[in-house]
Structures are given as structure tokens and as C-alpha cells.
Amino acid sequence: MNHRPVSVAIVGAGSRGLGVFERLVAHCLTQPAPLTVHLIDPQPFGAGFHLPAQPDHLLLNTVCAQLTAFADPHMVDGPVPISGPSLHEWCRRRDLRLAEDGYTVRPGAGREIQPNDFLPRRLLSEYLTWAAGEITDAAPENLTLVRHRTTAVDIHPGTPDTETVVLADGTRIDAEAVFVTVGHHSLYRPAAPAPDPRLVTRPYPLPEALDSIGPGERVAVLGMGLTAMDVIATLTLGRGGAHTRDEHGLRYLPSGQEPLIVLTNRSGMPSRSRPRLHPGRMRFAPLALTTEHLDEIRTRRADRRIDFAAEVLPLVEAEMELAYYRVLLGREMGDTTDAGLEMARRCARAGHETLLDELRARFGTGPVPGILSAGLADRQWTEYSAYRDWFTAEVAADLAEAREGLGASPLKEALEVLRDHRDVLRAVIDPPGVDDASLAAFFGEFASTVNRQVIGPQLDRSAELLSLIDAGIVRLGPGPQPKIVAPAGQGPWRLESTCLAEPLRIEADHVVQAHVTEPGADRAPGTLLGTLVAAGRVRTLAHRGGTVHGLDVTRQGQGIDRTGTPQPRLFFLGPHTEGSSYYNHYVPSPGAPSRALLDAERALSTALPELMTRKR
């Protein structure tokens with residue numbers, strides 16, 4: 001079959017750019033055609049923002065068996081001629097082992113790495129760089145890869161059939177299609193100067209960003225998510241401290257180099273721990289939160305846009321309740337799979353509402369109703385000790401559920417619905433999407449609640465937090481909604497309670513903003529995305545009048561310009577499209593459909609249909 005030569009450009013060589021390249025290689029191996037791929041990124045191919053020199057105590061938040069750079073038949077619709085190991089298998093092949101401290105990885109020393117281990121991030125950097133080399137080596141002779149180890153500064157229309165990519169070194173590349181996969185683009189740039197040198201507005205890279213905080217000084221850490229856990233690990237384990245286990249449980253041994261950490265956040269609530277995953281745990285098809293129900297909802301609206309709070313959130317909560325009761329029914333029947341099949345039959349016969357009524361009558365009311373809307377802002381605590389005792393009890397109770405694990409803990413199984421059925425939630429946001437008010441609510445309160453409930457720290461991190469509180473290294477802030485008062489001069493920062501009947505003020509020498517949020521492209525001048533938005537080549541969702549500033553793209557990934565016109569050869573994939581789609585910042589997992597790779601294939605099929613015709 002004869003093909004004319006085709007040239008494409010991939011701007012950004014991290015995991016998302018690697019996924020686009022892997023799909024191109026797979027299709028060219030299956031159906032040979034002449035293709036030149038220009039890959040543009042100053043960073044090593046594959047690793048992206050996963051930096052190789054990070055210390056081992058900075059851990060991934062996904063277990064190693066759920067990370068891969070290689071597509072399998074379950075992940076994509078297209079061909080899969082290239083096979084390769086997951087991160088777990090890659091580590092085992094190299095005899096990498098985990099030390100007794102639970103985070104240090106070295107060849108030949110320690111226990112074997114298990115599929116459910118959370119490993120150092122540096123290993124993902126090494127793995128992705130290696131995988132990029134393997135995929136490049138697998139490319140056929142008809143595919144030519146041209147590396148440009150610099151940045152792209154602009155993209156503008158070329159001939160009627162091309163886009164022109166302008167590089168920082170002056171090179172200009174003409175391509176039939178351009179795929180912008182720059183990921184967390186602004187985090188490479190230096191942070192803007194803080195108004196006070198004792199304020200850390202961006203706590204990365206670690207540990208350098210925290211070097212100004214001295215031993216014994218008091219530092220307020222604002223946030224309790226993954227970034228806050230990184231900051232705490234850096235200021236404790238990274239400074240020579242250690243967690244040991246004795247007959248009383250986990251105990252922290254300070255090195256003397258730690259500061260005193262004051263941990264606080266707006267909600268006053270801790271993040272839930274990631275649960276253990278039992279081998280053989282089954283992910284069941286949804287019964288309430290289904291794409292069929294979404295389609296029914298859309299047909300009732302002229303613009304096909306959904307009201308998330310009124311029409312979808314009740315389905316989310318119903319699905320979570322069903323998952324909760326599935327575990328209880330499985331205990332009663334002696335087999336969770338049989339319980340799942342029985343519930344599916346009863347749901348098909350009578351509907352999920354009737355099934356839920358029957359299960360509530362049988363097992364009683366569970367903890368799921370209201371769990372997504374729980375908050376503490378209206379709760380008045382008598383005194384600081386009451387809030388502290390409540391907080392530590394919440395962490396301890398959640399740790400017990402996390403240790404029981406998925407497939408065993410009814411509560412964790414219910415919460416896992418928010419991860420298991422993420423593709424259905426993506427279908428809510430995918431065009432035509434939701435109404436304007438729902439867009440702001442979904443990516444505001446709902447998304448942050450999901451993060452706190454199911455994208456929290458590894459369970460070991462939560463156990464370590466309790467150990468640090470017991471050791472006096474970490475102190476909780478003055479309750480929910482603290483007032484942060486900046487110093488007028490060289491005095492201390494102040495954290496003042498707003499939800500304690502007995503007011504409390506805590507002073508701090510430093511403040512670390514431990515909640516990294518990337519600005520929208522319209523607020524990032526000097527970046528490639530900022531330049532494209534300013535030129536009108538692509539617009540952000542700010543045109544809808546809300547607070548969501550992700551790029552406005554079609555379902556195929558084509559950028560939509562300021563006039564509302566899709567750009568036929570300019571595609572955007574990855575975190576900067578959050579809002580046009582949902583949850584874009586992750587590395588693919590084996591054995592299940594991968595939205596990242598499916599989106600890459602969808603974009604490639606739109607841009608290069610003549611190269612993407614063979615399906616398995």
C-alpha cells in the first residue's frame with residue numbers, strides 16, 4: 001500500500017508524549033507507512049516531570065503493578081505489537097528490593113518488591129526512560145524519530161495542510177499534525193518571588209525548596225494532601241529521622257535536625273489513606289452510575305448538558321451504597337462474586353432504587369449517605385484538644401479500614417467507586433458535558449472531595465503522621481478554617497482559630513503552601529500554552545464565565561480557538577485539558593482501558609486516518 005510521507009510533531013516527551021509515540025509505533029509496525037516524528041522536549045524522553053534524582057522517601061501514590069508504559073489488548077482499541085513489563089515486573093527483573101524502612105530500594109538488599117508496594121518516584125523516572133528506549137528501538141525503518149532537545153515557543157498555521165512549530169533555538173518544523181503533551185508545563189518554571197522569604201509558595205523540587213527551614217524552627221504546612229505528606233517526609237525522614245516499630249506500635253526517632261511542624265488545612269479534615277488491595281479483588285460493573293443512565297439524562301435536555309448535583313451525584317452516592325452492601329452481602333453468602341452477580345440480577349429486575357431499599361432494610365443504614373458532602377466549617381469545637389483528639393481518632397479509624405483493604409472493608413469498597421468508575425465520571429464531563437454551574441462545582445468541591453477520599457496518602461504515611469504527632473514533631477493547626485495572618489515585619493506568622501469556642505493562636509517562623517495548583521494557560525504568560533491562548537489559537541474554559549481554566553478542546557483533542565472553531569491539526573492531550581475532560585494526570589495501568597492511550601489513539605485517528613486503519 002503506497003503512502004505519501006507524513007510528518008508529525010509531539011511537543012512534550014513525558015509519559016503522555018510517550019503514549020502518543022507508542023501508539024504511532026504500534027500502528028506503523030502493523031501497517032507500514034513512511035512517517036517522521038519530531039519529538040520536542042529538553043528533558044529525557046519518557047520521564048517528563050518524574051525527576052531521576054529524588055530521594056527514596058518521596059513515593060509514588062500508585063502501586064507499582066498499576067504502572068506501565070506498554071499497551072496491552074485491554075488498554076487500547078488498536079494493535080499491540082510491542083510488549084513490555086510493568087514497573088513491578090521491571091523492578092523484579094533487576095532484583096531491586098525494598099529495605100526494612102519501607103521506602104529505600106537497592107539491588108539485592110531487602111525483601112522482594114510486591115505488586116502492591118508504593119515505590120520511590122525516581123524508579124518511575126528510570127523505568128519510563130528505559131521504556132522510551134525500548135519503544136524507540138522497536139520502531140520500524142519507515143518511522144524516523146527526530147529529537148529536538150529544546151522547547152517549543154510557538155505554533156502557528158503553516159500551509160493549508162500543516163502547522164509550523166517554532167523552537168527556542170530558532171528551528172521551524174512543518175508538520176501535518178502537532179500533539180501538545182507538555183503535562184505540568186509551568187512547574188518547570190521558577191516560582192514567582194514570594195512576598196516574604198519565609199513563605200514557600202511552591203515546595204518543589206524537594207528537598208531544596210525547604211532548605212531555608214532550620215532545625216527547631218516552627219513551620220506551618222498548609223494542606224494535608226500528597227504534597228503535604230511530601231513536605232513532612234522531607235523535613236523528617238529526609239533529615240535523618242526514622243520510624244521504628246516496637247511493642248507499642250510505630251514510634252518516631254528524631255534526628256534533632258527537624259523543625260516543629262504545624263499541619264493545617266481549610267477543611268480541618270484528614271485525607272483518607274489508600275487501602276490495601278487483596279489479590280483477586282474484583283471490580284464490578286456499575287449498577288446505578290452507568291453510561292446508559294447518563295445518555296437518558298442527556299436526552300431530556302435540549303443542549304444535552306447535565307446538571308451534575310441534581311442528576312449525577314445521586315447516582316454516584318447510590319453506586320457507593322451498592323458497593324458497601326455488596327461486601328456485607330458477600331460476607332453473608334460466603335462469596336463476594338456471587339453477591340455481585342445476585343445484586344446485578346436483582347437490579348436488572350427491579351432497578352437500583354428498589355435494590356437499595358431492600359439492602360438498607362436487610363443490613364441497616366451505612367455510613368455512605370452524606371459522605372461526599374461532610375464538612376466541619378459549621379462545627380464549633382469546645383477547645384483545641386477536642387479537635388486534636390477527633391482528628392487523630394479519624395486517622396486511626398481510617399487506617400484500620402485501609403489495612404482491612406479493598407474487597408474486605410465495606411467503606412473502602414464504597415469509596416473506591418470514585419476510582420473504579422472514573423470513566424463514567426469522565427463521560428459526564430466529556431462534550432457536551434455539564435452546565436456552567438456544574439462545571440465549576442465538579443472541578444471545585446467535588447473533585448477536591450474525591451481527592452481527599454480516594455487519592456490520599458499511602459497508609460504507611462498516615463501511620464507515620466500519628467507517630468510524628470505522638471513524638472511532638474507534628475502539631476495540628478487550630479482547627480478548620482484557620483485564619484492565616486502574615487507578619488507586619490520580621491515577626492512570626494500567626495494561625496488563628498475560627499471554629500474553636502476557646503480561641504487559639506499558633507505562631508510560625510515559616511509557611512509552606514503545600515497544595516500545588518497549576519495556573520490556567522491564560523494565566524501563564526511566557527509558556528507555550530500561554531502564547532497560544534494569547535494568540536487565540538486555543539481558548540480556555542474561562543469563556544464560560546466560571547473558575548475552570550483548562551483548555552477548551554473537542555472530544556478528539558483538537559484545540560478550539562477564540563472564535564469557537566476546532567483546529568484540525570493542533571491537538572492537546574494531558575493535564576492542561578482538565579475541564580474539557582476529567583482526571584488527566586496519571587500514568588497508564590495494565591489490564592484495563594487506558595483513557596490516556598485511548599485519547600491518544602482518538603487524536604491520531606482524527607489527524608492521520610490513513611495510518612490508523614488497522615484494528616485488532
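Hi everyone, let's start with strand β10, residues 177–180: Ala177 and Phe179 point one way, Val178 and Val180 point the other way, and all of them are buried. Please keep in mind that this is a predicted model. The pattern fits a general rule, which is that side chains in a regular strand alternate between the two faces of the sheet.

So who are the neighbours of β10? On one side, β10 pairs with strand β1, residues 6–11, in the parallel sense and over four bridges. If you want a spot to click on, Ala9 stands opposite Val178 of β10. There is also strand β22, residues 566–572, which runs parallel to β10 and is joined to it by three bridges. Here Phe179 has Phe571 of β22 as its bridge partner.

Now let's zoom out to the sheet. In what order do the six strands of this open sheet come? The order is β6-β2-β1-β10-β22-β21, and the pairing is mixed. At the edges sit β6 (143–148) and β21 (558–560), each of which pairs on one side only. Going from one strand to the next, the twist averages 30°.

Over by the β6 edge, strand β2, residues 35–40, runs parallel to β6, with six bridges joining the two. Among these pairings, Thr36 has Thr144 in β6 as its bridge partner. A helix packs on this sheet as well: α16, residues 595–607, touches β10, β21 and β22, and its direction makes about 160° with that of β10.

Let me move on to another helix, α7, which covers residues 336–350. Its 15 residues reach 21 Å from the first C-alpha to the last, close to the 21 Å expected at 1.5 Å a residue. Which residues of α7 are buried? They are Ala339, Gly340, Met343, Arg346 and Cys347. Because these residues cover an arc of only 130° around the axis, they lie on the same side of α7. The general background is that an α-helix has 3.6 residues a turn, so residues three or four places apart point the same way.

What do the buried residues of α7 pack against? Their partners are α6 (308–333) and α8 (352–363). On the face turned away from that buried side, α7 carries the exposed residues Ala348 and Arg349.

Last, the two ends of α7. At its start, a side-chain oxygen of Asp335 comes to within 2.8 Å of the backbone nitrogen of Thr337. After α7 comes Gly351, with a positive phi near 95°. Thanks for listening!

Notes
Residues are numbered from 1 along each chain as its sequence is written. This is a predicted model: local features need pLDDT of at least 70, side-chain atom pairs count only at pLDDT 80 or more; totals for chains, interfaces and linings use all residues. Side-chain values use heavy atoms; hydrogens and water are left out. Buried means under 20% relative accessible area, exposed over 50%, partly exposed in between (1.4 Å probe, protein chains only). Two strands pair if DSSP finds at least two bridges between them. Axes are lines fitted to C-alpha atoms, for helices over the stretch in contact, and angles run from 0 to 180 degrees between N-to-C directions. Contact means heavy atoms within 4.5 Å. The expected span of a helix is 1.5 Å times one less than its number of residues. The arc is that of the directions from the helix axis to the C-beta atoms. A polar contact is a pair of N or O atoms within 3.5 Å; within protein, one must be able to donate a hydrogen and the other to accept it, and residues adjacent in sequence count only if both atoms are side-chain atoms.
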